[in-house]
Protein chains: 2
Amino acid sequence: MAPRQPLTRDRVLDAALALAGTDGLAGLSMRKLAKTLGVEAMALYNHVANKTDILNGIADRVFSEIDRADPGLRWDQRARAIAVGMYRALRRHPVVPMAIATSQANLTTLRALQPLDDLTGAFYEAGLDDDGVRQAILAVYSLVFGSLWLTTAGFARDADQAITPEHVDPYLHRLDPDKLPHSSRLLPALAAGGAESDFMRGLDVLIAGLAVLATPRRPSA
Amino acid sequence: MAPRQPLTRDRVLDAALALAGTDGLAGLSMRKLAKTLGVEAMALYNHVANKTDILNGIADRVFSEIDRADPGLRWDQRARAIAVGMYRALRRHPVVPMAIATSQANLTTLRALQPLDDLTGAFYEAGLDDDGVRQAILAVYSLVFGSLWLTTAGFARDADQAITPEHVDPYLHRLDPDKLPHSSRLLPALAAGGAESDFMRGLDVLIAGLAVLATPRRPSA
DNA sequence: ACCTGAACACCGTTCAAGT
DNA sequence: ACCTGAACACCGTTCAAGT
């Protein structure tokens, strides 16, 4: 309640990340954020440029949480580790991918681009050419952000997400088995969840496929 | 300007899709939408329940634009066609994935779930079991929405997107080659673009990998 | 240097009132 | 049945004023 310590940019970002965690992107307003800090909304503008600056700031923070892969690992293990690290960090803070997807935030800082650089390095090391690396990067990033997207959208479910009647996927209830026979059949398996492990399995398939592209000449046959 | 024909739900949705196309999700407000139709904002509530209803309505429309795959095709070709169809329809109307990603819209209608059902059917036909189908569905959906996400976020670029100095990727300018050597090297290839063809190549890799999972016993070796 | 109050131009939505 | 005006509870942001 009482704002004993003086306001700083870091404290604003701390509070913003916390508020976004409880109230979501839609609930993160300058006025509510200020109230959290025991201050009027306009005081925030002494420490951040505007709301976009806040969103960029928390995106930078969350990306900096991503563990860097052990450089001693082989390229495919490294790529896997980076992708899983991104997935987990962004899963903890869904505001960040949401803000970027709606163009409310951009990734411009060094820390936010580090995983991209590491991943790029891994694919160059695999022997892919420029176009191959670009395709590989885009495929991996697509899988990461797409998997997060599905979970956020309520399509996929995490193991830790309780299956309450209310929280049940908007996609899944009232499926008419006559009109949508296949998805009706899939319903129990979909509800069984495991979004993260499904993500990792898809990632493995993708990286294995990229490895084939990277070394097109087979020793045998 | 003059609202000659009476307001209907369909006309509201038409106008909403058009406004979202020009002004984006953030620019789609009830008040501006009403002005487009030559009416006061409150008049809209006679034809739609609320803004969520509008967003669900345009999502339903856009999903119904997706061509259904030829049932005569083999499962992998069918899966590919469905995924490409989804990608293209949603690429034309980026508001829809944005609205779903931010939980402002949900997919509940029959037409919105049809591609999911078709894709599910294709993977069952491939011989995958329930868990395998779920993983395959999630992987393909991830790739589709992730690829769209990357384009929306300005990370990937389409061939038709002009490379203006302003529109240049926020991710790409001012890369410090010393700090981010690999992505700096990749920069020209990234700017060369081709988001859709990259998506399709990633899709091919993924489907090829899923085909291996579907038939784990190899005839040779 | 930092914070506040009042103000501006917006939001979605409700409700009583008009036709 | 359909539309409007006024109102409520919100937004992000600016600016002059306070300390």
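Contact here means heavy atoms within 4.5 Å. With that in hand, the packing of this predicted model can be followed from its helices outward to the DNA.

A good place to start is helix H9 of chain B, which covers residues 195-214. Its 20 residues should span 28 Å at 1.5 Å a residue, and the end C-alpha atoms are indeed 28 Å apart, so expectation and model agree. The buried positions of H9(B) include B:Ala195, B:Asp198, B:Phe199, B:Met200 and B:Gly202 in its earlier part, and B:Leu206, B:Ile207, B:Gly209, B:Leu210 and B:Ala214 are also among them. In an α-helix there are 3.6 residues a turn, so residues three or four places apart point the same way. The buried residues of H9(B) pack against elements of both chains. From chain A, the partners are helix H7 (130-152) and helix H9 (195-214); from chain B, they are helix H4 (75-92), helix H6 (110-126) and helix H7 (130-152).

One of these partners, H6(B), deserves a look of its own. Helix H6(B) has 17 residues and reaches 24 Å from its first C-alpha to its last, close to the 24 Å expected at 1.5 Å a residue. Because 14 of those 17 residues are buried, H6(B) is largely enclosed by the rest of the structure. Just after this helix, B:Gly127 takes a positive phi of about 105°.

Turning to the annotated regions, an unreviewed UniProt entry assigns the annotation "domain: HTH tetR-type" to residues 6-66 of chain A. In the model, this stretch of chain A is 66% helix and 0% strand, with its end C-alpha atoms 29 Å apart. For residues 29-48 of chain A, UniProt (unreviewed entry) lists "DNA-binding region". That span is 35% helix and 0% strand, and its end C-alpha atoms lie 14 Å apart.

Both chains take part in the surroundings of DNA strand C. Of the 17 residues around this strand, A:Glu40, A:His47, B:Met30, B:Arg31 and B:Tyr45 come nearest. Helix H2 (residues 30-36) of chain B gives the most to the surface near strand C, with 3 residues. By class, the residues of this surface are 8 nonpolar, 4 polar and 5 charged. Sugar or phosphate accounts for 55% of the strand C atoms within 4 Å of the protein, and bases for the rest. Several backbone atoms meet phosphate oxygens of strand C: a backbone N or O atom of A:Glu40 lies 2.9 Å from one, a polar backbone atom of B:Met30 is 2.8 Å from one, and a polar backbone atom of B:Lys51 is 3.0 Å from one.

For DNA strand D, the nearest of the 17 surrounding residues are A:Met30, A:Arg31, A:Tyr45, B:Glu40 and B:His47. Here it is helix H2 (residues 30-36) of chain A that gives the most to the nearby surface, with 3 residues. The surface near strand D has 8 nonpolar, 4 polar and 5 charged residues. Of the strand D atoms within 4 Å of the protein, 53% belong to sugar or phosphate and the rest to bases. Side chains of chain A supply polar contacts to this strand. A polar side-chain atom of A:Ser29 lies 3.1 Å from a phosphate oxygen, and a side-chain N or O atom of A:Tyr45 is 2.8 Å from a phosphate oxygen. The side chain of A:Arg31 instead meets a base, with an N or O atom 2.3 Å from a base nitrogen of strand D.

Key: Residues are numbered from 1 along each chain as its sequence is written. Chains are lettered from A and ligands numbered from 1 in the order in which they are written. This is a predicted model: local features need pLDDT of at least 70, side-chain atom pairs count only at pLDDT 80 or more; totals for chains, interfaces and linings use all residues. Side-chain values use heavy atoms; hydrogens and water are left out. Helices (H or I, at least four residues) and strands (E, at least two) are DSSP runs, numbered from the N terminus. The expected span of a helix is 1.5 Å times one less than its number of residues. Buried means under 20% relative accessible area, exposed over 50%, partly exposed in between (1.4 Å probe, protein chains only). UniProt positions are given in the numbering used here, feature names are shortened, and annotations may be inferred rather than shown by experiment. A residue is near a molecule or strand if one of its heavy atoms lies within 4 Å of it. A polar contact is a pair of N or O atoms within 3.5 Å; within protein, one must be able to donate a hydrogen and the other to accept it, and residues adjacent in sequence count only if both atoms are side-chain atoms. Ala, Val, Leu, Ile, Met, Phe, Trp, Tyr, Cys and Pro count as nonpolar, Asp, Glu, Lys and Arg as charged, and the others, Gly among them, as polar.
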